[in-house]
Amino acid sequence: MTVTHSEPVTSGAAATAEPPVRVGRCGPPPLPHPRPTGQDRYTISEVAEHTGLSAHTLRWYERIGLMPHVDRTHTGQRRFSNRDLDWLDLVSKLRLTGMPVADMVRYAELVRAGESTFAEREQLLTAHREDVRQRIAELRSTLDVLDYKIDIYADARRASERF
């Protein structure tokens with residue numbers, strides 16, 4: 001699914017009444033998000049079902065600082081927003097690329113610190129992109145070996161079928 005991402009930016013006082021500042025997005029222009037039922041207020045179980053992450057993982061992400069401040073109801077239940085779902089989409093993509101959790105937490109800290117960290121965020125993501133490109137090159141080389149071996153066996157099978 002192609003989803004845009006707006007990075008949540010909050011100051012140290014995450015509980016202020018000011019809405020988070022939209023810093024930017026990654027990907028193409030915004031598209032409608034297939035979301036769980038609700039109007040930008042999702043329970044942890046709805047988010048878990050939508051993202052494929054467990055409620056335990058979502059709580060852990062929040063505890064280690066990987067998730068921005070998640071709103072709560074008057075009874076203390078988490079209520080996630082579309083912005084939170086966008087952030088989780090980015091986190092999932094970073095995990096898929098093999099980014100270490102510590103680097104993702106550092107990135108989240110930089111995002112929360114605001115615009116003054118753009119250069120450091122760019123540097124972190126650029127270094128990770130290079131790691132991803134190297135892994136892709138390794139995988140392509142490995143794929144070439146697999147293709148070669150498969151061709152050998154396919155040729156041998158076809159040759160034996162002729163007799």
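This is a guided tour of a predicted model, moving from the whole chain to single helices and then to individual residues.

**The whole chain**

Begin with the protein chain shown as a cartoon, where the secondary structure comes to five helices and two strands, arranged along the sequence in the pattern α-α-β-β-α-α-α. If you then colour by accessibility, buried residues make up 31% of the 163 residues in the chain. Among contacts between residues at least 6 apart in sequence, 57% join residues at least 24 apart, and several of the stops below are pairs or groups of that general kind to look at one by one.

**Helix H3**

Select residues 82-96, which form helix H3. This helix has 15 residues and reaches 21 Å from its first C-alpha to its last, close to the 21 Å expected at 1.5 Å a residue. Now show the side chains of its buried residues, which are Asp-84, Leu-85, Asp-86, Trp-87, Leu-88, Asp-89, Leu-90, Val-91 and Leu-94. To see what they pack against, add helix H1 (44-51), H2, strand S2 (78-79), H4 and H5 to the display. Following the chain beyond H3, you come to Gly-98, whose phi is positive, near 90 degrees.

**Helix H4**

Next select residues 101-113, the 13 residues of helix H4, whose end C-alpha atoms are 18 Å apart; this agrees with expectation, because at 1.5 Å a residue a helix of that number of residues should span 18 Å. The buried residues to show here are Met-104, Val-105, Tyr-107, Ala-108, Leu-110 and Val-111. An α-helix has 3.6 residues a turn, so residues three or four places apart point the same way. With that in mind, look at what lies over the buried residues of H4, a covering that includes helix H2 (55-64), helix H3 (82-96) and helix H5 (118-162). Just after H4, the backbone reaches Gly-114, which takes a positive phi of about 105 degrees.

**Where H3 meets H4**

Keep both helices in view and turn the model until one lies in front of the other. Their axes come within 10 Å and cross at roughly 145 degrees, and H3 passes H4 in a right-handed crossing. From H3 the contact is made by Trp-87, Leu-90, Val-91, Leu-94 and Arg-95, and from H4 by Val-101, Met-104, Tyr-107, Ala-108 and Val-111. Sorted by class, the contact of H3 with H4 has nine nonpolar residues, no polar residues and one charged residue.

**The loop after H4**

Select Thr-117, which lies in the loop between H4 and H5. Is this loop residue buried or exposed? Thr-117 counts as buried, because its relative accessibility is 9% and the cut-off for buried is under 20%. Leaving aside its neighbours within four places in sequence, Thr-117 is in contact with Leu-110 and Val-111, and both of these belong to the buried residues of H4.

**Glu-62 in helix H2**

Move to Glu-62, which lies in helix H2 and is buried, with a relative accessible area of 18%. Once its neighbours within four places in sequence are set aside, the residues in contact with Glu-62 are Met-67, Val-70, Arg-72 and Arg-78. Show the side chains of Glu-62 and Arg-78 together, since a polar contact of 2.5 Å joins them.

**Two residues of helix H5**

Now go to helix H5 and select Arg-129, which counts as partly exposed at 44% relative accessibility. Draw a distance from its C-alpha to that of Met-99: the two residues are 30 apart in sequence and 9.5 Å apart in space. Then select Thr-142, also found in helix H5, and likewise counted as partly exposed at 44% relative accessibility. A polar atom of the Thr-142 side chain lies 2.9 Å from the backbone oxygen of Glu-138.

**Last stop: Gly-52**

Finish at Gly-52, in the loop between H1 and H2, which is exposed, with a relative accessible area of 65%. Which distance separates the C-alpha atoms of Gly-52 and Ser-92? These residues are 40 apart along the chain, and their C-alpha atoms are separated by 9.8 Å.

Definitions and conventions: Residues are numbered from 1 along each chain as its sequence is written. This is a predicted model: local features need pLDDT of at least 70, side-chain atom pairs count only at pLDDT 80 or more; totals for chains, interfaces and linings use all residues. Side-chain values use heavy atoms; hydrogens and water are left out. Helices (H or I, at least four residues) and strands (E, at least two) are DSSP runs, numbered from the N terminus. The expected span of a helix is 1.5 Å times one less than its number of residues. Buried means under 20% relative accessible area, exposed over 50%, partly exposed in between (1.4 Å probe, protein chains only). Contact means heavy atoms within 4.5 Å. A polar contact is a pair of N or O atoms within 3.5 Å; within protein, one must be able to donate a hydrogen and the other to accept it, and residues adjacent in sequence count only if both atoms are side-chain atoms. Axes are lines fitted to C-alpha atoms, for helices over the stretch in contact, and angles run from 0 to 180 degrees between N-to-C directions. A crossing is left-handed if the near helix is turned anticlockwise from the far one by less than a right angle, and right-handed if clockwise. Ala, Val, Leu, Ile, Met, Phe, Trp, Tyr, Cys and Pro count as nonpolar, Asp, Glu, Lys and Arg as charged, and the others, Gly among them, as polar.
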